[in-house]
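Okay, everyone, thanks for squeezing in. Let me put the model up on the screen, and then I'll talk you through a few spots in it.

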Amino acid sequence: MKIAVSFLTSYYSKEKTIELITKTNADFIHVDIMDGGFVNHKNTELNFEGLLENVSKPLDIHLMCFDPIIYIKKLSILNPQYITFHLEATKDIVKTIEEIKMLGIKVGMALKPNTEVNEIKPYLALVDLVLVMSVEPGAGGQEFQEMSIKKIKELKNIREENNLKYAIEVDGGINATSINMVKDVDIAVVGSYVCKSNNYQQQIDNLK
Ligand code: DX5
Ligand code: ZN
């Protein structure tokens, strides 16, 4: 299982947090982008391009924004590994998938806790990653919701039965206890468990 660290909730500034993550053996930096519409919080005014332009780790971008297509071109200069958008936030899903792919970036689709796996089924052959939210999107530091476990299993079964290739990622409330319930995901996103500590590497070691 790979670990993606989200710098959303931290004791330090964004710059310092990103620097500290870079020094660990985390597999990705997870970049949470919020529009203050699809979710209450807003951070789209941050200079993500400046913050992340010289970062050596692969970027895993999570757009919690309506009309995600409008952000994609600008973010593509960061050369991210994944751009993930929310099914619930998007009108033209196929067009958004194509736009991301056209830029040579892997595409992910995210599901809020109450969205059924059934709703994403028509797109599963088109995406590289499915992100299962195990908290309501919009804030770090919430408690892991166990209903995500069933969705992860369902997505794993569908992938096997249909010989599909998407990676499965879980995001929200992951710590050294909850990670044991989602051992079969490909990528686990971890925010406050790592960034609200004073030894990032130690926390990551506790998860692996
Ligand atoms: C929630 C974000 C998550 C969050 C994870 O809206 O998508 O990536 O930062 O933080 P923790 O691990 O604290 O739940
Ligand atoms: Zn996220």
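So, methionine 109. This is a predicted model, and in it methionine 109 touches Thr84, Phe85, Leu87, Ile93, Ile97, Ile120, Tyr123, Val127, Leu129, Val130 and Leu131, leaving aside residues up to four places away in sequence.

Where does Met109 sit in the bigger picture? It belongs to the largest nonpolar core, which has 57 residues. Together with Ile29, Val31, Leu52, Leu155 and Val194, Met109 is one of those touching the most other members. The element that gives the most to this core is helix 5, residues 147–161, with four residues. There's another core too, lying apart from that one, with 11 residues, including Phe28, Tyr82, Val135 and Ala167. As a general point, nonpolar side chains in soluble globular proteins tend to be buried together.

Now, some of those names take us to strand 2, residues 28–34. How many of its seven residues are buried? Seven of the seven, so strand 2 is largely enclosed by the rest of the structure. And you can split that by face: Phe28, His30, Asp32 and Met34 are buried on one side, while Ile29, Val31 and Ile33 are buried on the other.

What does strand 2 pair with? One partner is strand 1, residues 2–6, in the parallel sense over three bridges. There, alanine 4 stands opposite phenylalanine 28. Put helix 1, residues 14–22, together with strands 1 and 2 and you've got a right-handed β-α-β unit. Strand 2 also pairs with strand 3, again in the parallel sense, over six bridges. In that pairing, aspartate 32 has histidine 62 of strand 3 as its bridge partner.

Keep hold of those two, please, as we move to the metal. Which residues coordinate the zinc ion, ligand 2? They're His30 through NE2, Asp32 through OD, His62 through ND1 and Asp171 through OD, at 2.0 to 2.3 Å. Along the chain, the donors follow the spacing H-x1-D-x29-H-x108-D. Aspartate 32 in strand 2 and histidine 62 in strand 3, residues 59–64, are 30 residues apart, and the pair links distant parts of the chain.

Are those two buried or exposed? Aspartate 32 is buried, with a relative accessible area of 6%, and histidine 62 is buried as well, at 1%.

Last bit: why call the zinc site octahedral? Because the six donor atoms around the zinc ion subtend angles of 71 to 171 degrees, which makes the arrangement octahedral.

Technical notes: Residues are numbered from 1 along each chain as its sequence is written. Chains are lettered from A and ligands numbered from 1 in the order in which they are written. This is a predicted model: local features need pLDDT of at least 70, side-chain atom pairs count only at pLDDT 80 or more; totals for chains, interfaces and linings use all residues. Side-chain values use heavy atoms; hydrogens and water are left out. Donors are N, O and S atoms within 2.8 Å of the metal (3.2 Å for Na, K and Ca); water is not among the atoms, so sites may look incomplete. Four donors count as tetrahedral if all angles lie between 85 and 135 degrees; four count as square planar and six as octahedral if opposite donors are over 155 degrees apart and all others between 65 and 115; anything else is irregular. Helices (H or I, at least four residues) and strands (E, at least two) are DSSP runs, numbered from the N terminus. Buried means under 20% relative accessible area, exposed over 50%, partly exposed in between (1.4 Å probe, protein chains only). A nonpolar core is a set of buried Ala, Val, Leu, Ile, Met, Phe, Trp, Tyr and Cys residues joined through side-chain atoms within 4.5 Å. Contact means heavy atoms within 4.5 Å. Two strands pair if DSSP finds at least two bridges between them. A crossover is right-handed if, with the strands pointing away from the viewer, the path from the first strand over the helix to the second runs clockwise.
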